[in-house]
Amino acid sequence: MNYVTLVGNLGRDPELAYSGSGKAVCKMSVGTKERGVNGQEDVMTWHNVVVFNEMAENVAASLSKGDRVIVIGRIRKNKWEKKDGTTGYSEEVRADEIGANMRFTVVSPLRSGASGGQKRQLPGDDTEEPF
């Protein structure tokens, strides 16, 4: 399989749009940095990431430029014909999973879906004493 895991920062706010059939599509760029060794400069690489359906809406509502994320997905190569007749190529990561990286930040989960967007109590988040 061509799965990839990216850990990096969003380069811009996620862009949410809807297809003609009403399917949510969210596009974003994730920057990853490879540390230089032996005095070499760091190398920054930007990855185009695409998310679909409910996860696309959740990402657009939850993440913003600069947020550190973990993306798991598949690499997809795109090919098209340019106006000048030459062939253009690009790559994108079609995300299967996206999460906030909590190494440098604190995140408060808000559940969606079956609960109708209402916050559900998380295990261990009891307001009463357990004993």
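**Pockets and a surface patch**

Eleven nonpolar, eight polar and four charged residues make up the lining of the largest pocket when its residues are sorted by class. The model is a predicted one, and this briefing covers its two largest pockets together with a nonpolar patch on the surface, to which Y3, V7, I70 and I72 belong.

**Largest pocket**
- The space in the largest pocket comes to about 740 Å³, and of the 23 residues that line this pocket, N58, S62, V107, P109 and L110 are the closest to its centre.
- Two elements, α1 (53–62) and β6 (87–100), give two or more residues to the lining of the largest pocket, and α1 provides the largest share, with five residues.

**Second largest pocket**
- About 170 Å³ of space lies in the second largest pocket, whose lining consists of V7, G8, N9, G31, T32, K33, R35, M44, R68 and F104.
- Strands β1 (3–10) and β3 (24–34) each contribute at least two residues to the lining of the second largest pocket, which by class holds three nonpolar, four polar and three charged residues.

**Nonpolar surface patch**
- Together, Y3, V7, I70 and I72 have about 310 Å² of accessible area in the nonpolar patch that they form on the surface, and β1 and β5 (68–81) each supply at least two of the patch residues.
- V7, which is found in strand β1, is a member of the nonpolar patch and also lines the second largest pocket.
- V7 counts as partly exposed because its relative accessibility is 34%, a value that lies between the limits of 20% for buried and 50% for exposed.

Conventions
Residues are numbered from 1 along each chain as its sequence is written. This is a predicted model: local features need pLDDT of at least 70, side-chain atom pairs count only at pLDDT 80 or more; totals for chains, interfaces and linings use all residues. Side-chain values use heavy atoms; hydrogens and water are left out. On a 1 Å grid over the protein atoms alone, a cavity is a set of points where a 1.4 Å probe fits but cannot get out, and a pocket is an open set with protein on both sides within 12 Å along at least five of seven lines; lining residues have an atom within 4 Å of a point. Grid points are joined across faces, edges and corners, and a volume is the space filled by probe spheres set on the points. Helices (H or I, at least four residues) and strands (E, at least two) are DSSP runs, numbered from the N terminus. Ala, Val, Leu, Ile, Met, Phe, Trp, Tyr, Cys and Pro count as nonpolar, Asp, Glu, Lys and Arg as charged, and the others, Gly among them, as polar. Patches are made of residues with over 30% relative accessible area and no salt bridge: like charges are joined within 9 Å, nonpolar side chains (Val, Leu, Ile, Met, Phe, Trp, Tyr) within 5 Å. Accessible areas come from the Shrake-Rupley method with a 1.4 Å probe; for residues, only the protein chains shown count as cover. A salt bridge is a side-chain nitrogen of Lys or Arg within 4 Å of a carboxyl oxygen of Asp or Glu. Buried means under 20% relative accessible area, exposed over 50%, partly exposed in between (1.4 Å probe, protein chains only).
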